[in-house]
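Q: Please give a close look at how the helices and strands pack in this model, for someone who has not seen it before. Start with how far the model can be trusted.

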Amino acid sequence: MVQSSPSNELASRALRPAAILNSFPSVHLRHFLGISATFLTAPFIAGSATTETFQHALEYSTAKTASLATSFLSSSTVFTDYSSTSGVWASKNRTAWTSGFVPGMFWQLYQDTGESVWLNRATDWTNALQANVSDPDNDQGFQIYYSFGLGYQFTGNNNAAFRSSLANTAANFDTQRFNPTIGCYRSWTNTSSNPTGSPSLSDSSTNPNDPIFEVNIDQMMNLELPLYVGKIEGNTTLTNHAIAHADRTWTENIRANGSSVHVVGYNPDGSVQYVRTHQGWKPESTWSRGQAWAVYGYTMVYRYTQLPRMLQHAEACFDYFMSALASQSTDNIPFSDFDAPLDSQNPRDTSAAAIVASASMELFEITGQAKYRAAAETLLLALASAGYISEGTTYEPILRRGSNKWGSAESGTIFGDYYFVEALLRYKAIIGFDTSTDPGNPSPSSAGRLTNISTRAYVSDANHPMIAGFVVEDGSRTFLLRGIGPTLAGFGVSTAVSDPQLRLFNSTDNLTPIAENDNWSTAPNAAQIATTTTTVGGFPLPSGSKDAAILIELPPGTYTLQMSRIDGVADGDGLVEVYDVPATALP
């Protein structure tokens, strides 16, 4: 067991006893502990309190979707995308890129409840999208897979009309969108000479070889259409084209640190002409929903292909999303752009959190790694909290405070609601809402435990260190201790200390450290540090970086971890982390 130690009233950030932690919801832990920037990668398991929250959120979401069907959607010709700032849904027709999410939510709830009312609604709004089969739209994956695709699966894989619509759409999509020289499906038809000023100017051509050929990160999501049809029809061309698109997107739309570029413009010969953003702050910044599309998209591609690199890509994009979220947000809901100033131009985006929550549940199912379940629980608890769910308000969407893009006002989003419901249903299917049948989710009184705590603060010299104190009880335990400086720059911290060091002391000797480190990759157990970082859910440190880390087994006792800068470099901001490493996570 780990508890607090009053090492320094200003800088100490300590691990508390499980008995205390279990008295508080996980979304409020950082306020209880007084932490300025905490990344709870594997928060304590909240037992029945968490599952009851999720069960209630699903019941509320079901009721809100029924209200959507019976009040706003006057006929199956009506769809929606965003709400007004006051929470009133906007009316759209079948051509909206979001049109598939309405029948998609109905299909999800039919699958969950088995009720014919949801089957009838889903069927009606799916059939209303039949004309979309031949439309030259880059979002046919969103429109057709979430309608005809889910319908085909959830009605027993025997609806010949649905299957025909899927096959015809995938064939059109492939013909109209895939360019073999570039190796991608095209986003938007665009022959404008000024793509930044007129990013979605369309012409009558659907030739994928026409310049300018733009590919956005969103297009990863539309790959589910060719991948699913490739699977059920045995069409290897569709599968191979989707894989090629995912590979080229990884090369050009994903940066070395796992963050995403929104839009890449290609020349006809396949070379890159430019990168830009259409919904983020700047070309070099990271639009949070674009990052969420990358996490979900590569997870989905792995599901269909089982290619290890696709899972690795999903994990890298997930790690960046969660690290950037921790650096930016104090309540686990991202802003529209991870790098933009936190002002009125940078709205919250609950849809990004919902997308990653759903993807995290699938990553947990695939890998069994606790960090993915922890992330899903953290994000879902935040979304279900009073500030973001619409319960008790006149808001028509389920979730409040979504956004279209940086610079827009906050609103509800039909896709945010869809992925929130999907994430809750995935949690119900994988974990279950009955904690008595879930050995991995025991009651709070028996197994609640905080496994990671961190704080960001100003770092000076060894005479003025940042200090984290903690107490180890109940036998020896292994800890990963990290002092992050230069890697913070990748998360937009321009004042990060360039070369931090760590010193660990115990209560019997406050002068001689029992362990210390300057540059983590020079440690004798650097390989174990890197492996353990991944298994406990920490963001990776670049090889050769001047961040510090210690992996050490500690007997019961009182400890002080001091983080300071080395001599000769300037003071700056630093992040100190303490991970309680489970025995099962050790390399």
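A: The chain has a mean pLDDT of 85, and 85% of its residues reach 70 or more; pLDDT is the predictor's confidence in each residue, from 0 to 100. Two stretches have lower values. Residues 1-46 have a pLDDT below 50, and beyond near neighbours in sequence this stretch has 132 contacts in the model, a contact being heavy atoms within 4.5 Å. Residues 198-204 also have a pLDDT below 50, with 16 contacts beyond near neighbours in sequence.

This is a predicted model, in which local features need pLDDT of at least 70 and side-chain atom pairs count only at pLDDT 80 or more, while totals for chains, interfaces and linings use all residues. Residues are numbered from 1 along each chain as its sequence is written, and side-chain values use heavy atoms, with hydrogens and water left out.

Begin with the helix α10, residues 236-252, and its surroundings. Helices (H or I, at least four residues) and strands (E, at least two) are DSSP runs, numbered from the N terminus. α10 lies across the strands β4, β5 and β6, running at about 105° to β5. Axes are lines fitted to C-alpha atoms, for helices over the stretch in contact, and angles run from 0 to 180 degrees between N-to-C directions.

Those three strands form an open sheet in the order β4-β5-β6, with antiparallel pairing. β4 (213-216) and β6 (272-276) are at the edges with a single partner strand each, so one side of each has no neighbour in the sheet. From one strand to the next, the twist averages 20°. β5 (residues 263-266) pairs with β6 in the antiparallel sense over 4 bridges; two strands pair if DSSP finds at least two bridges between them. Tyr266 has Val272 in β6 as its bridge partner.

α10 also packs on two other helices. One is helix α11 (residues 288-305), at an angle of about 145° and with the axes 11 Å apart. α10 and α11 cross in a left-handed sense; a crossing is left-handed if the near helix is turned anticlockwise from the far one by less than a right angle, and right-handed if clockwise. Here Ile243, Ala246, Thr249 and Trp250 of α10 meet Tyr298, Val301 and Thr305 of α11. This contact of α10 with α11 has 5 nonpolar, 2 polar and no charged residues. In these classes, Ala, Val, Leu, Ile, Met, Phe, Trp, Tyr, Cys and Pro count as nonpolar, Asp, Glu, Lys and Arg as charged, and the others, Gly among them, as polar.

The other is helix α12 (residues 308-328), which packs with α10 at an angle of about 40°, the axes again being 11 Å apart. α10 is therefore oblique to α12, where under 35 degrees counts as roughly parallel, over 145 as roughly antiparallel, 65 to 115 as roughly perpendicular and the rest as oblique. The crossing of α10 and α12 is left-handed. Ile243, Ala246, Asp247 and Trp250 of α10 make the contact with Arg309, Met310, His313, Ala316 and Cys317 of α12. By class, the contact of α10 with α12 has 6 nonpolar, 1 polar and 2 charged residues.

Another helix pair is α6 (residues 140-154) and α7 (residues 160-177), whose axes come within 9 Å and cross at roughly 155°. α6 is therefore roughly antiparallel to α7. α6 passes α7 in a left-handed crossing. On the α6 side, the contact is made by Gln140, Ile144, Phe148, Gly149, Gly151 and Tyr152, and on the α7 side by Phe162, Arg163, Ser165, Leu166, Thr169 and Phe173. The residues in the contact of α6 with α7 divide into 6 nonpolar, 5 polar and 1 charged.

Further along the chain there is an open sheet of 4 strands, in the order β7-β14-β9-β12, with antiparallel pairing. β7 (452-459) and β12 (548-554) stand at its edges, each with a single partner strand, so one side of each is left without a neighbour in the sheet. Neighbouring strands of this sheet are turned by 15° against each other on average, direction ignored. Within the sheet, β9 (residues 477-484) runs antiparallel to β12 and is joined to β12 by 7 bridges, and Leu481 has Ile550 in β12 as its bridge partner. Helix α17 (residues 526-536) lies across β9, β12 and β14 (572-581), at about 95° to β9.

Last comes β13 (residues 557-565). Strand β8 (residues 466-472) runs antiparallel to β13 and is joined to β13 by 7 bridges. Strand β10 (residues 500-506) is also antiparallel to β13, again with 7 bridges. Gln562 of β13 stands opposite Ile467, and Gln562 is also the bridge partner of Arg503.
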